[in-house]
There are 2 protein chains.
Amino acid sequence: MIAEIIAAGSEMLTPHRLDTNSLFMTEQLNDLGVSVAFKSVVGDSLDHLTSAARVALSRADIVLFSGGLGPTRDDLTREAVAAALTIELERREDLMVMLRERYAARGIVMPPNNAQQADVLSGAEVLPNPNGSAVGQYLVTFLGHLPRIVVLLPGPPKELKPLFTDEVKPRLAARLPSSHLRRRLLRMALIPESQVDARCAPIYEQYPDVETTILAGSAEIQLHFVSAKPSADEAQARVDDVAGRVEAEMDDAVFSAQGESLEEIVLLHLGMRGLTLATVESCTGGLLAERITATPGCSRTFLGGAVTYTDALKTSMADVPASLLAEHGAVSEPVARALAEGIRHRTGASVGVSTTGLAGPAGASSGPDQGKPVGRVYIAVAGLGAQTEVRELTLTGDRERIRLWTTQHALELIRRLLL
Amino acid sequence: MIAEIIAAGSEMLTPHRLDTNSLFMTEQLNDLGVSVAFKSVVGDSLDHLTSAARVALSRADIVLFSGGLGPTRDDLTREAVAAALTIELERREDLMVMLRERYAARGIVMPPNNAQQADVLSGAEVLPNPNGSAVGQYLVTFLGHLPRIVVLLPGPPKELKPLFTDEVKPRLAARLPSSHLRRRLLRMALIPESQVDARCAPIYEQYPDVETTILAGSAEIQLHFVSAKPSADEAQARVDDVAGRVEAEMDDAVFSAQGESLEEIVLLHLGMRGLTLATVESCTGGLLAERITATPGCSRTFLGGAVTYTDALKTSMADVPASLLAEHGAVSEPVARALAEGIRHRTGASVGVSTTGLAGPAGASSGPDQGKPVGRVYIAVAGLGAQTEVRELTLTGDRERIRLWTTQHALELIRRLLL
């Protein structure tokens, strides 16, 4: 069984918008053992949509359309699919009543063009949409002698997602051979993809029935394992088996064996030991605290911290001696150390972590940091072990990348010191 | 002239990856006056790729492929396009020499399957790739009597982008009627899309030659205007004209008339008045400082601040009286006010801004904040005007959304107080 997803909407053919609904639908379809073989984006043109629908119906068992079900002249999905299948649209009186009631409830008369939202592909089931006026449609049909399932869903994710989960998925599941899908996700920070692959490929290649995907990005490598089996236990056993062997091979490089984020893991390990954390950031400007506090429940472990963009604040908020700043510059090992120790002392946290560096695009134009390269960063962790740990980093890339990698190094240093 | 973009790669048919190259290529093609009518993603299957190539060549003047040009068995774009065009691939000896030299430079013998990277569509120009081993290809041909331009580019963005800019764009420009494209972007914060559209549509509908796109998201509305004309001055005049009239209609709701971010605008206005800024964040946990410091050059205006996740830190880092916290709770107007005034005083900044609220998912389980709803947020700005300005917000959505909207409200409040 293969599926094709067609997103209708000219805005997704601009340089500004991507179709993200397809990621959600792909995951849901994969859960049912259905692969997505093609994804397309088509603008609001009847010719183009009809052509795309025809091509999709000729090559995929299940064709899902998102968008183009609204009340405007640009909303042409219903019409295009009917044309591609050479079937009629039927105006449903019960939907007309519902549409008129929606408008009446707001005290307005329904504009005439809204009536097209009551048009349903002949033979299709109507999928009620609690979050909008455009209903979904589900049609089991034939194209010549080929069995086809056609699904029409509204484009807004908060309408599409519940419609897919509540209405489409059960209908598809009932028609598909029973298959149970289980996933595992291993995550590793700050390690080259080539190194992960060289060490892990000999393992996962022994599991041809487990789909393995390596994704690199945002200073981490993710290894996704998916197994589909007639029984859930069997599928779970296969992904657990390969994940377990890869984890043993990569040892402590794997920070998360169940998909948790690095910040969640750091908070978890600190919390288990009853430790608290405070941050003081220069070059990362709040990003480290932001990542930590994006995790619900972080307040049990994270106390807070400071963003010290000036030398004066490094002194007044984290007790870094002015003489140290004058002698070594803010971007230096002694200042990173003093920041981590200072914020730990000031906040009373068990652990203090600091970042200071040159995120670019320009370096320091005067003072003791002048001449240090963009990408030079120091991080320090105080309170784990007998002495404060400091690391010098030389990072590449733009400001955003340098800031992100700095926070990743800081979190990973805490994690490794906790092992 | 219409274009179609096909991204080859099974990883983009998983729930984890989107094709983002197409956004860049769309923008570049739009610059040349070419619209993108279809975008597709196809997996690494020769049948599927050939089918997609055939369909695309039948309906688009320019067909651009990204990905599938590497050395592995999964890299099938060359073969599929040759099959769709029913032309031959020619193994180019000069490319074989280059490939062997790349390997020799690393001291390894070239694996035999790499030779496919020397296969070129019969009649195509080779586009040299300084950043990788896969060259691009550019073919001007006919499908029956239909003129077609076919472009093959490697998938990694750092290879694709320069190849497009340096090799593809000039070739396309030379074949296309001269057209100059100019863009304007107006940005507005915290205003409903429907309200923007109701007030602006009567204006921009008078400019049928200007393409107008309204995008809503991340607590802001963007209005994009694009005009393509034979002369650059004429195109500029048209987008300036419509943008000027929309800006006059929306008045001070428009924070940015040249595309700048809200944080850039706030820093700019503060800087022009010689003012400095400090932040103190509770519920946003560093996100406000992070947004501000993502802007290069922010250190001229932004001094730093504090992330005070606990009551104790609100007192020790921003001088909020413990009695105030005990009486009103951290999520309260008096505490927001005291935080903004406290951080201003502590840092010596001209302006202090604070955030405190319940970002969820859970509310306070004890103490004076118990019973306040998730989404209740207070922001305050001290130092602009005679008294500290405080706003109570009731935000909806998840933790991420509440935090983002809080920072947007805080920045927008500063901007409006500076007007």
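**Notebook: a two-chain predicted model**

Started at A:Ser218, which sits in the loop between strand 10 (210-217) and strand 11 (220-229) of chain A. Keeping in mind that this is a predicted model, I asked whether A:Ser218 is buried or exposed. Neither, quite: I get 13 C-beta neighbours inside 10 Å, so A:Ser218 counts as partly exposed; the exposed class stops at 12 or fewer. I also looked up a pair that is far apart in sequence: A:Ser218 and A:Arg401 are 183 residues apart along the chain, yet their C-alpha atoms are separated by 8.1 Å.

**Domains**

Next I pulled the domain assignment for chain A. It lists domain 1 (2-175), domain 2 (180-256) and domain 3 (262-418). For domain 1 and domain 3 of chain A, I have the C-alpha centres 49 Å apart.

**Strands 13 and 14**

Then I went to strand 14 of chain A, residues 302-308. Seven of its seven residues come out buried. Which way does strand 13 (residues 277-281) of chain A run relative to strand 14, parallel or antiparallel? Parallel, with five bridges joining the two. One bridge I noted down: A:Ala278 pairs with A:Gly304 in strand 14 of chain A.

**Helix 10**

Which residues of helix 10 (residues 311-318) of chain A are buried? I find A:Leu313, A:Lys314, A:Met317 and A:Ala318. They span an arc of only 105° around the axis, which means they are on the same side of helix 10 of chain A. I jotted down the general rule next to that: an α-helix has 3.6 residues a turn, so residues three or four places apart point the same way. Just past the helix comes A:Asp319, and I see a positive phi there, near 60°.

**Cores**

I checked the nonpolar cores after that. The largest has 140 residues, and A:Leu339 and B:Leu339 have the most contacts inside it. Leaving out residues up to four places away in sequence, I list A:Val280, A:Lys314, A:Ala318, A:Val320, A:Ser354, A:Thr356 and A:Ala380 as touching A:Leu339. Two of those names, A:Lys314 and A:Ala318, I already had from the buried residues of helix 10 of chain A. Apart from the largest core there is another, of 98 residues, with A:Ala84, A:Leu172, B:Leu69 and B:Ala80 among them.

**The two copies**

Last, I superposed chain B on chain A. The fit takes a rotation of 180° with 0.2 Å of shift along its axis, at RMSD 0.2 Å. That is the relation of a two-fold axis. I also compared the interface residues: 100% of those in chain B are interface residues in chain A too, so the copies meet through the same surface.

Definitions and conventions
Residues are numbered from 1 along each chain as its sequence is written. Chains are lettered from A and ligands numbered from 1 in the order in which they are written. This is a predicted model: local features need pLDDT of at least 70, side-chain atom pairs count only at pLDDT 80 or more; totals for chains, interfaces and linings use all residues. A residue is buried if 20 or more other C-beta atoms lie within 10 Å of its own, exposed if 12 or fewer, and partly exposed in between; C-beta atoms are placed from the backbone. Helices (H or I, at least four residues) and strands (E, at least two) are DSSP runs, numbered from the N terminus. The arc is that of the directions from the helix axis to the C-beta atoms. A nonpolar core is a set of buried Ala, Val, Leu, Ile, Met, Phe, Trp, Tyr and Cys residues joined through C-beta atoms within 7 Å. Two residues are in contact if their C-beta atoms, placed from the backbone, lie within 7 Å. Domain bounds come from an automatic or database domain assignment. Copies are superposed by least squares on the C-alpha atoms of residues with pLDDT of at least 70 in both. Two strands pair if DSSP finds at least two bridges between them.
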